[in-house]
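Q: I have a model open and would like to walk through it with you. Could you take me from the overall picture down to single residues?

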Amino acid sequence: MDNKRRGQGSGIVATLTDRAKHQTTTYKLSTSKPLPDNTNCMACSDDGGFLTLGHSCGVSVWCVHTMRSMADWLQEEMEMTSIKMTNICEAFYMIGSVDNMGVMRIFLYHGKDLFLVSVLNSMENINQRSVCLTFELFKGGDYGAASVRCMSDTWLEVYRFPSESWIREFEAAAAQKEEESESFLPDSLKWSAVSVELKIFPPQIPPVTEDDATEIITYCLSLDELDEGLRTCSHHFLLSCGSCPADVQVKSGLPAAVCMWWSGSHNLLQYFFRKSDQATVDLKPDLIWPHTNEITCSAVSRCCRFVAVGLSNAAVCVWDRLAGSPLSVSSIPTQTSLLRVQFVDYWPVCADDYQSATLDENHLMALCKNGAIFSITVGRGAKSITTELPDKPQNKGDMPTITESVQFLRGLLLVWHRDGKILLEDVIHNTPLCTLLRPASYHIASPCSPVYALNAKQHSLYIRGDPHQRRGCSAKRENHSVLLTFHFGESHVIKHYIASHPPSPPRMKKLSFEDLKEDFTFYLQERVLSVDERHAAIKHTWEHLQQRRENTTAPHK
């Protein structure tokens, strides 16, 4: 990005920043309509047309424009705790849910029909049931992933969904429903089976020997000092970036790998999706990214080129997957560990600047255990810049609980606080932008884990609000949760931050080199630009690893 364009982009935000220094604007959330009983989760469709609700009786799909229920899947005593939604094609939607018993279900929605197409972990034997801990749907509905626990074992499963077959079967089922009317039985429908792409268990920690120095993966795994308790995992889908092995499934817009880390581990592991008819169990990682300290959080940039890892010593390492080396290592000036790290979408004012901006600068946010929030700016050939955001928590009620980068607002972070306060922070310029206030008669339901959804197409925020309890009031309607809404485009302050960007991650076409010569040239250019910082980081890392190796292999007295 040239200096002229940088100045133009900064000028627009500078005016708003100066205004924010004098007074933080306040906006009120509007009340929409009552929600179903115990609405525990919600999600928006990719096209912004529908809102899916998970509640104590099942799943409901609402039209965003009319806020009316379009379809329901109801079952008594079925408490939904997590829900995801994505478009699989025009007017067809996939919904993934998890209930309070840890059962994962996949639904298909179209028109006025909502069908259950798969139960991923059915509980035929209650004594050996598997419980879903976390579940994710990849955009487009081709893949899903879940961390699963059974007894004392925990593993990650990656699913491949037969979306095209399901659409054909859905159309046949909808026609059958219309013909049979009252005699139609949804449970009698047959749907294509889901395939398990990968099943990944925690790697076994090998014993340390002198020969391990020649096997980097074995050696790095041996450095993990893990407790004998239950382990959890965090994962991210990865698009292809640079060259991939010949037997890896590479399709435009679909993930080619998954990266993950286990609680208590120092290593980030990557597994490619191989061309195989059966899931491979007891896999060894294809790539390993070692760190000197325990991993506490991680994030992947929207283009999937950069991976950020937060460590227990309050350091943030940003890896460049294309160059195959760290882009930067930043130290957060805090005495506590990191709870969360994430990339902040910052789209330039000019659409032509996508390429240069994402290469020159990346903006991240780090949330610390003591409630402090830091912005981090990193780039190739430049030292990282770390700045603490203002308004540090003064008491427990002011502690932030949830932070989320709003993908359609340039450089803005949505911050939820324990006392129910909702802030929009300008991460790039380190200033609070505005505060969102609830109606006086309502409070934010469970502010430590709020029920909300962002609509990227309609530029809206939906939140569950609960009424304040009134003494002597027993009427159910007086205690009914409602849907609170806020439209960012209606704010004269926020609308300047709204940016439309490509539906698919930028730069991937240019960065997916098929020619080895181009790939090698780009790799050398990246190394020259970051030579000083890279050498310092590598020297520090290997000195620490060597010291740990000497301490581990030294004979016990």
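Q: Before the details, what percentage of the 557 residues in the chain do buried residues make up?

A: Buried residues make up 51% of the 557 residues in the chain, where buried means under 20% relative accessible area, exposed means over 50%, and partly exposed is in between, with a 1.4 Å probe and protein chains only. This is a predicted model, in which local features need pLDDT of at least 70 and side-chain atom pairs count only at pLDDT 80 or more, while totals for chains, interfaces and linings use all residues. Residues are numbered from 1 along each chain as its sequence is written, and side-chain values use heavy atoms, with hydrogens and water left out.

Q: How many helices and strands does the chain have?

A: The chain has 7 helices and 35 strands, both being DSSP runs numbered from the N terminus (helices are H or I with at least four residues, strands are E with at least two).

Q: And what share of the contacts comes from residues 24 or more positions apart?

A: Such residues account for 56% of the contacts in the chain with a separation of 6 or more, a contact being heavy atoms within 4.5 Å.

Q: Where is the largest nonpolar core centred, or rather, which residues have the most contacts inside it?

A: The largest nonpolar core has 38 residues, and L156, V158, V258 and M260 have the most contacts inside it; a core here is a set of buried Ala, Val, Leu, Ile, Met, Phe, Trp, Tyr and Cys residues joined through side-chain atoms within 4.5 Å. Strand β16 (residues 255-262) supplies the largest share of this core, with 7 residues. As background, nonpolar side chains tend to be buried together in soluble globular proteins.

Q: What does V158 touch, neighbours within four places in sequence aside?

A: With those neighbours left out, V158 is in contact with Y143, G144, A145, S195, V196, E197, L198, F237, V258 and F273.

Q: Back to β16, then: how does it go together with β17?

A: β16 and β17 run antiparallel and are joined by 4 bridges, two strands being counted as paired if DSSP finds at least two bridges between them. M260 stands opposite L269 in β17. The two strands form a hairpin with 4 residues between them, and G264 in the turn has a positive phi of about 85°.

Q: Is β17 mostly covered or uncovered?

A: Strand β17 (residues 267-272) is mostly covered, with 6 of its 6 residues buried. N267, L269 and Y271 point one way, L268, Q270 and F272 point the other way, and all are buried. β17 is also joined by 4 bridges to strand β19 (residues 287-290), again in an antiparallel arrangement, and there the bridge partner of L268 is W289.

Q: Changing region, why is β30 described as largely enclosed?

A: Strand β30 (residues 422-426) is largely enclosed by the rest of the structure because 5 of its 5 residues are buried. Its two faces are both covered, with I422, L424 and D426 buried on one side and L423 and E425 on the other.

Q: Which residue of β30 is the bridge partner of V415?

A: V415 has L423 as its bridge partner, within the antiparallel pairing of strand β29 (residues 412-417) and β30 over 5 bridges. β30 is also joined to strand β31 (residues 431-437) by 5 bridges, running antiparallel, and L424 stands opposite C434 in β31.

Q: Anything odd in the loops, such as which phi N430 takes?

A: N430, which lies in the loop between β30 and β31, has a positive phi of about 55° although it is not a glycine. S446, in the loop between β32 (442-444) and β33 (452-455), likewise has a positive phi, near 40°, without being glycine.

Q: Last one: which residues make the nonpolar surface patch of about 270 Å²?

A: I216, I538 and W542 make that patch. Patches are made of residues with over 30% relative accessible area and no salt bridge (a side-chain nitrogen of Lys or Arg within 4 Å of a carboxyl oxygen of Asp or Glu), with like charges joined within 9 Å and nonpolar side chains (Val, Leu, Ile, Met, Phe, Trp, Tyr) within 5 Å; the areas come from the Shrake-Rupley method with a 1.4 Å probe, and for residues only the protein chains shown count as cover. W542 sits in helix α7 (residues 531-553) and counts as partly exposed, at 43% relative accessibility.
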